[in-house]
Amino acid sequence: MTIAPYPAARFRRLKSSAALRALSCENTLSVGDLIWPVFVRDGTGQRTPVASMPGVDRLSVDLLVEAAQEAADLGIPAICIFPYTDPALKTQLCEEAWNPDNLSNRAIRAIKAAVPQLAIMTDVALDPYNVNGHDGIVRDGVIVNDETVEALVRMALAQAEAGADILGPSDMMDGRIGAMRAALEECGFQDVAIMSYAAKYASAFYGPFRDAVGATGALSGDKKTYQMNPANSDEALRLIERDLREGADMVMVKPGLPYLDICRRAKDRFGAPTYAYQVSGEYAMIQAAAAKGWIDGAQVMAESLIAFKRAGCDGILTYFAPAMARALRG
Ligand code: PBG
């Protein structure tokens, strides 16, 4: 890097007009970078606002299909489905997770039938189906790893069978990527992609999401025996390397903005398709401050999303996806 001494170098020259600013712009965000996380509920014609996430609703399958069509019309390449599960269906062994006709799998089928060009990503974790609210099976107060992996494989195969394009294991159990990849190959789903939630932190930024999926009251304790310590960074690289070696096609860092250093290190080290999840708490903070008139919500949305591109991400899961897609259209 060579920088001439002042006044030969004046950094203001390339900022002096919109044209020169455009020419010297290093990163761009496009609609093709966006994955839209959505919440599905039961019923017909049902739309329930999520109080802690202004602008986000839980939709019944019929309305979700309409929303998926709108997303596709905006050019958004993928949505990611999260179910709000009837508490009566939650059990100790989480059997509803691999029911071929569970809410999530019904939503996948309906969207695939109506909007086949839209890629569908899923959540592979047991928390929506678990009486304990944990991502894994709990025995005597312990989240048991290997038994959970077997359950996750069943769940993943049911999602692939329903038509999912990208599986998103968000559970943080050890060995799940390799087990899922082997099962997918064996069952003829060789083109189903895996986006591993590889570096997922034990974060308080997930609070509003747990409201959205009805897991807030259900969760006993915390997720620190499987999700990462926010103080760690080298461990994230080891987890990402491990998941790539086990057959992940894409890797994710989660949450987003507080962990941009992890995105950059991961991209520099592995050069793999790298994504960040701008999670519910990040969305809620921006929406809350904007509603108070303390920040310009539209500008902060765009600035927060370009930050991910600058940090090396190939794409972003964000609740702002439709709003950002509309803003990019102008
Ligand atoms: C759980 C899961 C969580 C999120 C996605 N999948 C929450 C958690 O780990 O407790 C959070 C997403 C968000 O906050 O927007 N498998």
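# A first look around this model

Cys94 is buried, with a relative accessible area of 0%. That's one odd little spot in a predicted model, and there are a few others to meet along the way. Below you'll find the backbone oddities, a buried strand, the core, the ligand site and one glycine.

**Backbone oddities**

- Let's stay with Cys94 for a moment: its phi is positive, about 60°, even though the residue is not a glycine.
- You'll find Cys94 in the loop that runs between β4 and α3 (103-114).
- Asp140 also has a positive phi without being a glycine, at about 50°.
- Asp140 sits in the loop between β6 (138-139) and β7 (142-143).
- Asp140 counts as exposed because its relative accessibility is 82%, and the cut-off for exposed is over 50%.
- There's a cis peptide bond from Tyr6 to Pro7, with omega near 10°; Pro7 belongs to the segment before α1 (18-23).
- Another cis peptide bond goes from Lys254 to Pro255, with omega near -5°; Pro255 is in the loop between β10 and α8 (260-270).

**Strand β10, tucked inside**

- Strand β10 covers residues 250-254, and 5 of its 5 residues are buried, so the rest of the structure largely encloses it.
- Which way do its side chains point? Met250, Met252 and Lys254 go one way, Val251 and Val253 go the other, and all are buried.
- On one pairing, β10 runs parallel to strand β9 (residues 193-200), with 4 bridges joining them.
- In that β9 pairing, Met195 stands opposite Met250.
- β10 also runs parallel to strand β11 (residues 274-278), this time through 3 bridges.
- Here Val253 has Ala276 of β11 as its bridge partner.

**The nonpolar core**

- In soluble globular proteins, nonpolar side chains tend to get buried together.
- In this model, the largest nonpolar core has 109 residues.
- The members touching the most other members are Phe39, Ile79, Ile81, Ile111, Met121, Met195 and Tyr277.
- Helix α2 (residues 61-74) supplies the largest share of this core, with 9 residues.
- Take Phe39 as an example: leaving out residues up to four places away in sequence, its contacts include Met53, Val56, Leu59, Phe82 and Phe209.
- Phe39 touches Asp57 and Arg58 too, and Tyr319 is also among its contacts.

**Around the ligand**

- How many residues surround the ligand? There are 17, and the closest are Lys200, Arg210, Lys254, Ser280 and Tyr319.
- Lys200 has a polar side-chain atom 2.7 Å from an oxygen atom of the ligand.
- For Arg210, a polar side-chain atom lies 2.6 Å from a ligand oxygen atom.
- Tyr319 likewise places a polar side-chain atom 2.6 Å from an oxygen atom of the ligand.
- On its own the ligand would expose 410 Å², and the protein buries 100% of that.
- Two of these names turned up earlier: Tyr319 touches Phe39, and Lys254 belongs to the buried strand β10.

**Gly75, after helix α2**

- Gly75 lies in the loop between α2 and β4 (78-83).
- Is Gly75 buried, exposed or partly exposed? With a relative accessible area of 34%, it's partly exposed, because buried needs under 20% and exposed over 50%.
- Setting aside neighbours within four places in sequence, Gly75 is in contact with Val31 and Arg329.
- Gly75 and Leu34 are 41 residues apart in sequence, while their C-alpha atoms are 9.2 Å apart in space.

Terms used: Residues are numbered from 1 along each chain as its sequence is written. This is a predicted model: local features need pLDDT of at least 70, side-chain atom pairs count only at pLDDT 80 or more; totals for chains, interfaces and linings use all residues. Side-chain values use heavy atoms; hydrogens and water are left out. A nonpolar core is a set of buried Ala, Val, Leu, Ile, Met, Phe, Trp, Tyr and Cys residues joined through side-chain atoms within 4.5 Å. Buried means under 20% relative accessible area, exposed over 50%, partly exposed in between (1.4 Å probe, protein chains only). Helices (H or I, at least four residues) and strands (E, at least two) are DSSP runs, numbered from the N terminus. Contact means heavy atoms within 4.5 Å. A residue is near a molecule or strand if one of its heavy atoms lies within 4 Å of it. A polar contact is a pair of N or O atoms within 3.5 Å; within protein, one must be able to donate a hydrogen and the other to accept it, and residues adjacent in sequence count only if both atoms are side-chain atoms. Accessible areas come from the Shrake-Rupley method with a 1.4 Å probe; for residues, only the protein chains shown count as cover. Two strands pair if DSSP finds at least two bridges between them.
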